[in-house]
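Please open the structure in your viewer and keep the selection tool at hand. This tour proceeds stop by stop, naming what to select and then what is found there.

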Amino acid sequence: MSENNRHHPQQNHFCPAETMSEDEDPCRPSPPPPPPPPEPVSKKTRNCAAVHPSPHSDRVLEIVLEHVLQFLTVRRDRNAASLVCKSWYRTEALTRSDVFIGNCYSVSPARVTTRFPRVRSVVIKGRPRFADFNLMPQNWGAHFGPWVATMGKAYPLLERVYLKRMSLTDRDLCLLADSFTKFKDLVLVCCEGFGTSGLAAVASKCRQLRVLDLSDTEVLYDGVDWISCFPEGETCLESLIFDCVECPINFEALESLVVRSPALKKLRLNREVSIGQLYRLVVRAPSLTHLGTGAFGHPEPQDPNDQEMDYGSAFSACKSLVCLSGFREVMPEYLPAIHSICTNLMSLNLSYANIGVEQFKLLIQHCCRLQVLWVLDSVCDEGLQAVAATCRDLRELRVFPLNAQEDVEGPVSEVGLQAISEGCPKLESILYFCQRMTNAAVVAMSNNCPDLVVFRLCIMGRHQPDHITGAPMDEGFGAIVMNCKKLTRLAISGLLTDRAFAYIGRYGKLVRTLSVAFAGDSDTGLKYVLEGCPKLQKLEIRDSPFGDAALLSGLHHYYNMRFLWMSTCQLSQRGCEEVARALPRLAVELLSYEENEEMDNETVDVLYMYRSLQGPRDDAPQFVRIL
């Protein structure tokens, strides 16, 4: 669960992640040019003529501006340029090739295509991140159909589509493949609703396809062999990621595709690919830079007359490999085969690999250049201590729970966190699931890793204090926001009082995303945050004691935010209606966890608010009430 334009949102000026001002509607005709100046008869009149340039000079300035804007590649910079004046607004729109839609319901597809007529790349995000934790009912929305139908007519030269948490069908993928003759890149992250028939349409019709990436995406198996649908002959494929596709794979067709794709650099396989088949692919594609291993175990029975597979030599030949993932059904006895390539690795994802401490220590001691590491907590504190001793350049660490139950004894704790903070001073991002923590370890992290941009500490037991002193975790999180001056994303949990939120409001001036779970004392805590964090864009809260007073304290800021999510808090329908009345351009949705449950004025299961130009959406299901 990229993530952002923040310039004068009160004007509702549409940028990729913003909204468009009614005063700047591109459908309105341009004002007529000023009348030509009179014949110059004196120095004074000549000066007046300089103030009123001719239409020809205006066009020259527009051409110059177009060339200058080509060098602005950061969305925030382009958004700022579009706010200068109407001429810059129009020119920026004509020169923008990439559009980012942070919420698919923030603006209509038609308005986007009218505003930006020459787009080649589109990023669209749908459901909020808490949907990943089953906190959003099924079939909420975020349909790709209206978008692909509109873009198919407006963007014939579209080359790239990136979708996150969107719902799309096989029909949508067929329309995409038919509409864009030069289509090259399709990236689907946490999406659902389509099957192998849709993938087959993309594979067979998009002849210039370079990227087909499916990450954490549900793909329905409808019996179609989509791997065999790629065209015969040499392909343009550079990246093929399907590790999440839980269906059988035609390995012969896959092997042939790899051979016919000389530019292939990224390949991530699903669990249907055995280690023996992986060996054959690696031998045929030694220039890979990113590899997802698939199952990494259970080799097929081998003919006694066949040459024994030397897995170590095959991996050693992959001199360019810098990113390794997969290991979904890892057999520890095969892990030594990858030791030889670990010295070059920059990224290692073991978040599906349930390996023991000793096997992990033998592996990680070779990863001296590692910058990104994802692991399960099965590596224990001892494994994290080995990481700290070896990976001095580590920039990102994620530790996921093997067992996410609240009442189990967790294998990682403050010991592992403190070891990481002491051994990895360049750390910029951490996600850490654990069952117990101390303020001292979190304070040490803030002191030893001052460059932290992302700090997400998830203490799975509800309302857990410092397990040594019994005190709330206020001082630990307070130290993070005080000492980590670059912090933009923060997730907090454990036993927290209003004091922790006061720290965040006072020192978290750059925080853009805040996630709160099972924390807080009263409405005052949330008031501190809403009044003290001017950059806040995304606020996610679950199972916390915040009510209407806290909600209404943020009226001055909600137009500046992308969304607010509050589930299982203490909100009333009346309080939500007050927000809807005060901020008419804000979409206020009330969700019920039970489809047939009638909402009363006393309780709200879920409040989801987001800024929108198009008004209430027309595809809301029964369990959604839009105020």
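## The whole chain

The protein chain contains 20 helices and 23 strands. Please bear in mind that this is a predicted model. Of the 627 residues of the protein chain, 54% count as buried. The accessible surface of the protein chain comes to about 26900 Å², and carbon and sulfur atoms account for 52% of that surface.

## Parallel strands and their helices

Select strand β13, residues 372-376, together with strand β14, residues 396-400. These two strands run parallel and are joined by five bridges. Within this pairing, valine 375 stands opposite valine 399 of β14.

Now add helix α13, residues 380-390, to the selection. With β13 and β14, helix α13 makes a right-handed β-α-β unit.

Next, select strand β15, residues 429-434. How many bridges pair β14 with β15? There are four, and the pairing is in the parallel sense. Valine 399 has a bridge partner in β15 as well, namely tyrosine 432. Helix α14, residues 414-423, completes another unit: β14, α14 and β15 make a right-handed β-α-β unit.

## Aromatic pairs

The structure holds 17 aromatic pairs. Select tyrosine 105 and tryptophan 140: their ring centres are 5.6 Å apart and their planes stand at 85°, so the pair is edge-to-face. Tyrosine 105 lies in the loop between β1 (98-101) and α5 (109-115), and tryptophan 140 lies in the loop between β2 (121-125) and α6 (145-154), so the pair ties together parts that are 35 residues apart in sequence. Are these two residues buried or exposed? Both tyrosine 105 and tryptophan 140 are buried.

Move on to tyrosine 311 and tyrosine 334, whose ring centres are 5.5 Å apart with planes at 90°, so this pair is also edge-to-face. Tyrosine 311 belongs to helix α11 (residues 311-316) and tyrosine 334 to the loop between β11 (323-325) and β12 (347-350), so the pair ties together parts that are 23 residues apart in sequence. Tyrosine 311 and tyrosine 334 are both buried.

To view a cluster linked by ring pairs, select Tyr105, Phe130, Phe133, Trp140, Phe563, Trp565, Tyr608 and Tyr610.

## Charges over rings

Select arginine 115 and tyrosine 89. The charged end of arginine 115 sits over the ring of tyrosine 89, 3.9 Å from the ring centre. Then select arginine 328 and tyrosine 352. Here arginine 328 lies over the face of tyrosine 352, at 3.8 Å from the ring centre.

## A buried asparagine

Where is asparagine 270 found? Asparagine 270 is in the loop between β9 (266-269) and α10 (275-284). Asparagine 270 has a relative accessible area of 0%, so this residue is buried. To see its surroundings, select Phe242, Asp243, Val245, Cys247, Ile249, Gly294 and Ala295. Asparagine 270 is in contact with these residues, its neighbours within four places in sequence being left aside.

## Helix α17

For the last stop, select helix α17, residues 498-507. Which residues of α17 are buried? Asp498, Ala500, Phe501, Tyr503, Ile504 and Gly505 are buried. To see what surrounds them, add α16 (474-483), β17 (489-492), β18 (513-517) and α18 (523-532). The buried residues of α17 pack against these four elements.

Key
Residues are numbered from 1 along each chain as its sequence is written. This is a predicted model: local features need pLDDT of at least 70, side-chain atom pairs count only at pLDDT 80 or more; totals for chains, interfaces and linings use all residues. Side-chain values use heavy atoms; hydrogens and water are left out. Two strands pair if DSSP finds at least two bridges between them. A crossover is right-handed if, with the strands pointing away from the viewer, the path from the first strand over the helix to the second runs clockwise. Rings of Phe, Tyr and Trp (its six-membered ring) pair if their centres lie within 6.5 Å; planes under 30 degrees apart count as stacked, over 60 as edge-to-face and the rest as tilted. Buried means under 20% relative accessible area, exposed over 50%, partly exposed in between (1.4 Å probe, protein chains only). A charge sits over a ring if NZ of Lys or CZ of Arg is within 6 Å of the ring centre and within 35 degrees of the ring normal. Accessible areas come from the Shrake-Rupley method with a 1.4 Å probe; for residues, only the protein chains shown count as cover. Contact means heavy atoms within 4.5 Å.
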